[in-house]
Amino acid sequence: WSGMDSIRKFIDWAGPAVYVVMFAMAVWLIWKAGWQNIDLNLSGVQYDGFAVVPVMIGAIALVVSYFSGPMLNFGDFSRYGKSFNAIKMGNFLGLPINFLGFSLLTVVCIAATLPVYGKLITDPVEMVGKLDNTFVVILGSLTLMIATIGINIVANFVSPAFDFSNVSPSKISWRMGGMIAAVGSIFITPWNLFNNPQVIH
């Protein structure tokens, strides 16, 4: 509500909070499973030779599509950078380093669910729900909610807020543009999209 500075402050503590919970979950799952019982090869299919190529192309396409949204509204955030070097450092820490680190945490957590629960669990909500401590479940659920809010603000709120504001800057402020985007998103009925995987894909 107070502008980009409040969003920055929210993301500054929401991001690390998610990391803390994910790291704690990884440590707990490794402790329960035993590192020697964790197999990081999550696929039962082995690819050799040129059979690897289409799989790699699919993986690359998935990463590109994942980052296509943030790439489109990158300017909405980079305009607030203190310097070009600061933006480059932020990109380096936030993209390859952060992406690799969080991916490793995710793979370890998923792989550890097999020896702990007897099946692979890829849904973080289900993973948190299986913990046998009410306080930890509540804390994990709140963190997942914070993460969801944070990523939606970054990916789905800031850019349309600027877009609507740019239509008529003298009449539509950034705040008003954000309200238009927020209210308009209700009419898309996202809950129907969520309940229909065929529409999503």
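**A bent helix, two salt bridges and a nonpolar patch**

Helix α2 bends by about 30° at tyrosine 66. A proline follows within four residues, at proline 70. The model is a predicted one. Helix α2 covers residues 52-72, 21 residues in total. At 1.5 Å a residue, α2 should span 30 Å. The end C-alpha atoms of α2 are 30 Å apart, which agrees with that expected span.

The UniProt record, an unreviewed entry, lists residues 12-31, 51-72, 92-114, 134-155 and 176-194 under "transmembrane region". Two of these listed spans were examined in the model. Residues 92-114 are 100% helix and 0% strand. The end C-alpha atoms of that span are 33 Å apart. Residues 134-155 are likewise 100% helix, with 0% strand. Here the end C-alpha atoms lie 31 Å apart.

Charged side chains were considered next. Side chains of opposite charge can pair when their charged atoms come close. A search of the whole structure finds 2 salt bridges. One joins arginine 79 to aspartate 76, with the closest N and O atoms 3.4 Å apart. Aspartate 76 has a relative accessible area of 11%. This value is under 20%, so aspartate 76 counts as buried. Arginine 79 is partly exposed, at 48% relative accessibility. The pair therefore links a buried residue to a partly exposed one.

The other salt bridge is formed by the side chains of lysine 119 and glutamate 126. Its N to O distance is 3.2 Å. Lysine 119 is partly exposed, with a relative accessible area of 41%. Glutamate 126 is also partly exposed, at 31% relative accessibility.

The surface also carries a nonpolar patch of about 800 Å². The patch is made by Phe164, Met176, Met179, Ile180, Val183, Ile186, Phe187 and Trp191. Helix α7, residues 174-187, gives the most to this patch, with 6 residues. An α-helix has 3.6 residues a turn, so residues three or four places apart point the same way. Phenylalanine 164 belongs to helix α6, which covers residues 134-167. Phenylalanine 164 is partly exposed, at 33% relative accessibility. Patch residues need over 30% relative accessible area, so phenylalanine 164 passes that cut-off.

Technical notes. Residues are numbered from 1 along each chain as its sequence is written. This is a predicted model: local features need pLDDT of at least 70, side-chain atom pairs count only at pLDDT 80 or more; totals for chains, interfaces and linings use all residues. Side-chain values use heavy atoms; hydrogens and water are left out. A salt bridge is a side-chain nitrogen of Lys or Arg within 4 Å of a carboxyl oxygen of Asp or Glu. Buried means under 20% relative accessible area, exposed over 50%, partly exposed in between (1.4 Å probe, protein chains only). The expected span of a helix is 1.5 Å times one less than its number of residues. The bend at a residue is the angle between axes fitted to the seven residues ending there and the seven starting there. UniProt positions are given in the numbering used here, feature names are shortened, and annotations may be inferred rather than shown by experiment. Patches are made of residues with over 30% relative accessible area and no salt bridge: like charges are joined within 9 Å, nonpolar side chains (Val, Leu, Ile, Met, Phe, Trp, Tyr) within 5 Å. Accessible areas come from the Shrake-Rupley method with a 1.4 Å probe; for residues, only the protein chains shown count as cover.
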